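Reader: I'd like a close look at one part of this one: the surroundings of ligand 2. Could you start there and then work outward to whatever helps me picture the rest?

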Amino acid sequence: MTRIVVIGNGMVGFKFCEKLLAAGSGKDFDVTVFGEEPLPAYDRVHLSAYISGSTVEELQMAPREWYAENGITLRTNELIVAIDRNRKTVISHSGTEAPYDKLVLATGSGAFVPALRGVEKKGVFVYRTIEDLDAIKGYAGKVTSAAVMGGGLLGLEAAKAVLDLGLEAHVVEFAPRLMPRQLDDAASAVLREKLEALGITVHLNKNTRQINGNGKLTGLDFMDGSSLETGMLVISAGIRPRDELAKTCGLETGSRGGIVVNDHLRTSDPAIYAIGEVALHNQMIYGLIAPGYEMAAQVVNQLTRQPVKPFTGFDMSTKLKLIGVDVASFGDPFPPETTARSIVYEDKVKGLYKRINITPDGKKLLGGILVGDASSYHRLWQMVQNGLPVPPEPEDLILGARNGRESAGSGIESLPAEAQICSCENITKDAICQAITAGGLSEVAQIKQCTKAGTGCGGCLPLISDLLKHQLKAMGKQVKNVLCEHFDYSRQELLDIIKVKEIKSYDTLLSLFGKGDGCEVCKPAVASILASVWNELIVRQDTIQDTNDRFLANIQKGGTYSVVPRIPGGEITPEKLIVIGQVAHKYGLYTKITGGQRIDMFGARVDQLPDIWEELIDAGFESGHAYGKSLRTVKSCVGTTWCRFGVQDAVSFAIQVEERYRGLRSPHKLKGAVSGCIRECAEAQSKDFGIIATEKGWNLYVCGNGGSKPQHAQLLANDIDSATCLRYIDRFLMFYIRTAEPLNRTATWLNKMEGGIDYLREVVVNDSLNIAAELEKEMAFMIDTYSCEWKEVVNNPALRARFKHFINAETSDPTLAFQELRGQKIPASWG
Amino acid sequence: MLTELQKYRKVGTSNATTWFKAAPVQQFPENGGACIQYQDLQVAIFNFTRRNEWYACQNLCPHKMQMILSRGLIGSEGDEPKVACPFHKKTFSLKSGKNLNGDTCEITTYPVKIEDGFVFVGFPV
Ligand code: SRM
Ligand SMILES: Cc1cc2nc3c(=O)[nH]c(=O)nc-3n(C[C@H](O)[C@H](O)[C@H](O)COP(=O)(O)OP(=O)(O)OC[C@H]3O[C@@H](n4cnc5c(N)ncnc54)[C@H](O)[C@@H]3O)c2cc1C
Ligand code: SF4
Ligand code: FES
């Protein structure tokens, strides 16, 4: 039995254990793992998710029991302080000794903290461990702004994190550009704009001289004489390998840190391996997870006498993981001009920058940079990895499908079998296809389980799902997106069934066309279809609705609900404003102007909802359907009525449109806007349907949205009169409701549509499918049968009675807790 | 807040000592849940008409400590009856209380019986 001691229970140390067990020779080894951190290994790559609400449990690589169950001795909270190579023993700070036959150093690295005057001050943090983040969270409450030192991958992530903590965020970078190792100046400039749009202020060329404040930091002084006031500093100025142990026991280490290893990850002592972020291979420290996992695998192979392939370096391509900011850099992002040609595409308006570097003979792709849209990252990166031939017009690679041509290099089939799909787990296209065929897999989740592909950084998941579709097709299985395990139908098929068979209840549908007892996926989806087809009061079948639709209000932290009355076009009289004020005041609700030109009242108890709505309805308000996958708002600008540039009466038309489609249930929420002239103050081009006034009438744009993947709406028809405009919207919306998948916004729906906007125009404007009359008829039915859900509930004692927390007591939920913020109540923070 | 969780102690039909008369059957929506108060506990009771079964579990979702499960959608995974928390859609078996789609800790379930039109929940005390 070989005794193996692993120092460091981080991601790579864990992966080593996992792979050793997977090699099936767990019993031949007696494994002891020492971890300095109190917690078992967790997913450091997604550390930032801890700020946005992920729990420690969710981040853990495996629960503590896992180690025990697999016969691994895990000793967390135990720092190894010495290695006695003669006695082949490691000694921990508590004096514990553990003998080894083979020793694995997976001590990773720590944040590099420059020796600045004032680093010891209160309010200075690093961004590496859960404990660091707890400390940062704790301190954030005391300050209003934070600076991050370092504009690299980690620094930017840290900046987003402090921003998410509600602080004013600054990034201070020494270099003249952001992510200096991955981006060129132009790319950095585009990225900077995006970050500043998010609310992160960027300071370049800033060399910090000292950290000010007595005891507690108050700001930074820079070499150029300028300074920055801030209450908190997160240092992200690079990493320092944890090679201290290796040094003290005389292992060879690099001049700039790191434990020297050969192609077999062996240190200068043959009994000792070093893997992960602490290993120095060819003068190179790999600050990424994928190479670390590869190292772990290679050491396991040696210990278990499996075929070993020498570790010969690793690709450093990376993608920035910031929501809403697409940035990727792959292969060689900026090779010297002598060895490569570069093609650059930049669109300042759209905030796009794409660069690819190809060999002078134009045959091979060397690398590149993508900012603003990194959707092609994995494909391009695959091309580099596998040396796939570059298409005749290389620019196709970044300009994508143009004048009808299929976008180049996109085809997953073009990848060779040995192409590495998941770099974290090093899994090839072939392996995945094998798994799909052999295991008869049909879902990405299953692939993750069987092959572990996509379980690392997750960046390859889109590619995996493409591969799955492609493979299933190849196997002759028709690929269809069925709703869930209870219905083997797509949403569109179900909608047809419901219409043709005149099915009006979920239960009937499930009994006739489904199996099992339904779930949280198909119930709301079917509820939405039923509403779109029959337009019956949704609370009649309240238990198939998501809680928002069941209680006709948006649930909030703590279990209270929000109340959003409709304010068509954003126009409201002083009298009605006063009513909202009075109601909010009477029931102690938090009020806020929403992003949709109306007012949201938060913090209503479920039992208060009917009373609140009764008062609002008496004052002439009606439901705003903020809770439904349905029409939200039709935003307006003042237009001709007040604005000196207006060419049409935008407000009147916005109100007409909003009242026409109010209450319309759809696969996802619907938003519209009407602008009074081309200045576009209503942001119509960011809506599902946007109307912009022209001298002659209106231009109609469709399929835009904001949110996580913003997309501009595209022109459907121009210079049309109001009647035509409404007719086109009727058709457009009904066509969407008929054919979209659940929870696909119109933009996503269009992106998936063969033929895109031109096809849509054919259907909606030129009636190519000749269904226009039908669509208009269906919409007319919706409009005629509209009624305010809340009015019905308020006037129906039976429905009203459902709005209670306890059915066996009159009291409300005693656990509801609030705190105060700027003179209003907010829910006590998440438990 | 953890102490909140610890209030909910597991029981089986066998070792339920008190049967609490919760409410008349018709007060529970079909294929849905409602919340009842017992001492300082909040218990979600589900009228799973479709399987014609009744289930009860703590109303407290352990994920973010929200008193909410009674308002969750119920359904099945394979054969396992489950409830989905409205907040982040964590799902829990209504039989074992196990978290089915993640590693959130499990919830406490309670035995339910129906007698002359009333719903009774079994508690250890
Ligand atoms: C209240 C509000 C924020 C605010 O304080 O201003 C808000 C609040 C929520 N938004 Fe929003 N959104 C609000 C305006 C917006 C806007 C701005 C706008 O409408 O002009 C957007 C971007 C524009 C767009 O949608 O295209 C927006 C994009 C989203 C998204 C992303 C949608 C997407 O396609 O990516 C979600 C998530 C989702 O719907 O899946 C979302 C989801 C939500 C939810 C429902 C999340 C949730 O389930 O709790 C929030 C609860 C609403 C509530 O409790 O009332 N909200 N949300 C705004 C209500 C507008 C209204 O009057 O109804
Ligand atoms: C915020 C953040 C975001 C990241 N994002 C990405 C990304 O998107 N993509 C990517 O590829 N990489 C990313 N990384 C880098 C990635 O997390 C690291 O490459 C990876 O964690 C290295 O794993 P490791 O096990 O070698 O080191 P670590 O994960 O640091 O583990 C080393 C462990 O050993 C312990 N240890 C050290 N010395 C001792 C001792 N003497 N005794 C006992 N225990 C000891 C340490 O406490 C630590 O727990 C990110 C890192 C951070 C911090
Ligand atoms: S309101 Fe919208 S953007 Fe704000 S936190 Fe909620 S979902 Fe996110
Ligand atoms: S609170 Fe229940 S799933 Fe998050």
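Author: Let's fix one term before counting neighbours: a residue is near a ligand if one of its heavy atoms lies within 4 Å of it. Also keep in mind that you're looking at a predicted model.

With that cut-off, how many residues sit around ligand 2? There are 32 of them, and E37(A), R128(A), E277(A), I289(A) and K321(A) come nearest. R128(A) also makes a polar contact: an N or O atom of its side chain is 2.7 Å from an oxygen atom of ligand 2. E36(A) uses its side chain too, with a polar atom 3.0 Å from a ligand oxygen. V12(A) takes part through its backbone instead, where a polar atom is 2.9 Å from an oxygen of ligand 2.

V12(A) gives us a way outward, as its number falls within helix 1, which covers residues 11-22 of chain A. E18(A) is in helix 1 as well, and its side chain meets that of K452(A) in a salt bridge, 3.4 Å from N to O. The two partners are 434 residues apart, and K452(A) is in the loop between helix 12 (444-451) and helix 13 (461-474). Is E18(A) buried or exposed? It's buried, because its relative accessible area of 16% is under the 20% limit. K452(A), at 32%, is partly exposed.

Two other bridges make handy comparisons. E622(A) and R662(A) pair up with their closest N and O atoms 3.0 Å apart. Both are in loops, E622(A) between helix 19 (609-618) and strand 33 (631-636), R662(A) between helix 20 (650-661) and strand 34 (670-675), with 40 residues separating them. Here E622(A) counts as buried at 18%, while R662(A) is partly exposed at 23%.

The bridge between E774(A) and R738(A) has its closest N and O atoms 2.5 Å apart. This one joins two helices, with E774(A) in helix 24 (residues 772-784) and R738(A) in helix 21 (residues 722-739), 36 residues apart. E774(A) is partly exposed at 39%, and R738(A) is buried at 13%. As for the E18(A) bridge, it doesn't stand alone: through shared partners, K15(A), E18(A), K19(A), E425(A) and K452(A) form one salt-bridge network. The search over all chains turns up 59 salt bridges.

Now for the nonpolar side. F16(A), another residue whose number falls within helix 1, is one of the best-connected members of the largest nonpolar core, which has 89 residues; F16(A), V90(A) and I275(A) touch the most other members. Helix 8 (residues 289-303) gives the most to this core, with eight residues. That range takes in I289(A), which we met among the nearest neighbours of ligand 2. V90(A) shows how many partners a core member can have: beyond its neighbours within four places in sequence, it contacts V5(A), I7(A), F34(A), I80(A), A82(A), I83(A), T96(A), E97(A), A98(A), Y100(A) and L103(A). Apart from this core lies another, of 71 residues, which includes A673(A), A693(A), F732(A) and A740(A).

There's also ligand 1, if you want a second site to set beside your first. Around it are 21 residues, with Q556(A), T594(A), G595(A), K669(A) and G706(A) coming nearest. G706(A) reaches it with the backbone, an N or O atom lying 2.6 Å from a ligand oxygen. Side chains join in as well: S562(A) has an N or O atom 3.0 Å from an oxygen of ligand 1, and for K687(A) the distance is 2.9 Å. By class, this shell holds one nonpolar, twelve polar and eight charged residues.

Finally, the wide view. Chain A has 26 helices and 39 strands, and 54% of its 831 residues are buried. Of its contacts with a separation of 6 or more, 61% join residues 24 or more positions apart. Chain B has one helix and twelve strands, and the helix leads the order along the sequence, with the strands after it. In chain B, 60% of the 125 residues count as buried, and 49% of the contacts between residues at least 6 apart join residues at least 24 apart.

Definitions and conventions: Residues numbered from 1 in each chain as written. Chains lettered and ligands numbered in written order. Predicted model: local features only at pLDDT ≥ 70, side-chain atom pairs only at ≥ 80, totals over all residues. Heavy atoms only, no water. Salt bridge = Lys/Arg side-chain N within 4 Å of Asp/Glu carboxyl O. Helix = DSSP H or I, 4+ residues; strand = E, 2+ residues; numbered from the N terminus. Buried < 20%, exposed > 50% of the residue type's maximum accessible area, 1.4 Å probe, protein only. Core = buried A, V, L, I, M, F, W, Y, C linked by side-chain atoms within 4.5 Å. Contact = heavy atoms within 4.5 Å. Polar contact = N/O pair within 3.5 Å; in protein donor to acceptor, adjacent residues only side chain to side chain. Nonpolar A, V, L, I, M, F, W, Y, C, P; charged D, E, K, R; others polar.
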